[in-house]
Amino acid sequence: MFEQAGVPVLGAVENMAWLKCPDCGHRLTLFPPVRADRSIWSLGVHRLVAMPFSPEIAADGMPVVARNAKSAEAELFSELAAEVMAILGRLGLNPN
Ligand SMILES: [Zn+2]
């Protein structure tokens, strides 16, 4: 859809990709995998990050990066931002 509209796609975030088990910390998969013919990943869309389903992200309405920059979730958002900036830089679109 974006390509048809001429909007470049830098990638996509896989949201709620997993859940950290509150008991033992291992990764739980929440949803079954999307069929390849219905998946943006099979179209070659770059997966920017696989973000967990985490109460930490949504707690008290404050962005997790501002509330707890050292948390694993905040690290993922920082990695996401760095990845987007790197892609924009490679495209000559770096806003800095
Ligand atoms: Zn567990």
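Start by selecting Leu19, and look for the residue that stands opposite Leu19 in β2, which is Leu28. One place along, select Lys20, whose bridge partner in β2 is Arg27. With these residues on screen you are looking at the pairing of β1 and β2, which is antiparallel and rests on two bridges. Bear in mind throughout the tour that the model is predicted, with a mean pLDDT of 90 for the protein and 98% of its residues at 70 or more.

Next, select the residues that link these two strands. β1 and β2 form a hairpin with six residues between the strands, and within that hairpin Gly25 takes a positive phi near 85°.

Now move to the other pairing of β1. Select Val13, and then Val49, which is the bridge partner of Val13 in β3. Here the strands β1 and β3 run parallel, and four bridges join them. Colouring all three strands together shows an open sheet in the order β2-β1-β3, with mixed pairing. Because β2 and β3 stand at the edges and have a single partner strand each, one side of each is left without a neighbour in the sheet. As general background, strands of a sheet pair through backbone hydrogen bonds, in either a parallel or an antiparallel way.

Stay with β1 and select Met16, which has its place in this strand. Its backbone deserves a look, since the phi of Met16 is near 55°, a positive value in a residue other than glycine. For comparison, most residues other than glycine have a negative phi. Is Met16 buried, partly exposed or exposed? With 14 other C-beta atoms within 10 Å, Met16 is partly exposed, because a residue needs 20 or more such atoms to count as buried and 12 or fewer to count as exposed.

From Val13, look across to His46, which is found in the loop between β2 (27-28) and β3 (47-52). His46 and Val13 are 33 residues apart in sequence, while their C-alpha atoms are 8.7 Å apart in space. His46 counts as exposed, because it has 12 other C-beta atoms within 10 Å.

Go back to the beginning of the chain and select Phe2, in the segment before β1 (12-20). Which residues does Phe2 touch, once its neighbours within four places in sequence are left aside? Phe2 is then in contact with Val7 and Val9. Phe2 is exposed, because 10 other C-beta atoms lie within 10 Å. If you then select Asn94, you have a pair that is 92 residues apart in sequence and 21 Å apart in space, C-alpha to C-alpha.

The helices come next. Select Asp60, in the loop between α1 (55-58) and α2 (64-67). Asp60 has a positive phi of about 50° although it is not a glycine, and it counts as exposed because it has 6 C-beta neighbours inside 10 Å. While you are in this region, note that confidence in the protein is lowest in α1, at a mean of 82, whereas it is highest in β3, at 95.

Then select α3, residues 72-90, which lies across β1 and β3 and runs at about 165° to β3. This helix has 19 residues and reaches 27 Å from its first C-alpha to its last, close to the 27 Å expected at 1.5 Å a residue. Just after α3, select Gly92, which takes a positive phi of about 75°.

Finally, zoom out to see the whole model. The protein has three helices and three strands, and its elements run β-β-β-α-α-α from the N terminus on. Its C-alpha atoms fill a box of roughly 45 × 40 × 20 Å along the principal axes. Of its 96 residues, 4% count as buried. Among the contacts with a separation of 6 or more, 54% are between residues that are 24 or more positions apart.

Notes: Residues numbered from 1 in each chain as written. Predicted model: local features only at pLDDT ≥ 70, side-chain atom pairs only at ≥ 80, totals over all residues. Contact = placed C-beta atoms within 7 Å. Pairing = 2+ DSSP bridges. Axes fitted to C-alpha atoms, helices over the stretch in contact; angles between N-to-C directions. Expected span 1.5 Å × (residues − 1). pLDDT = per-residue confidence, 0-100.
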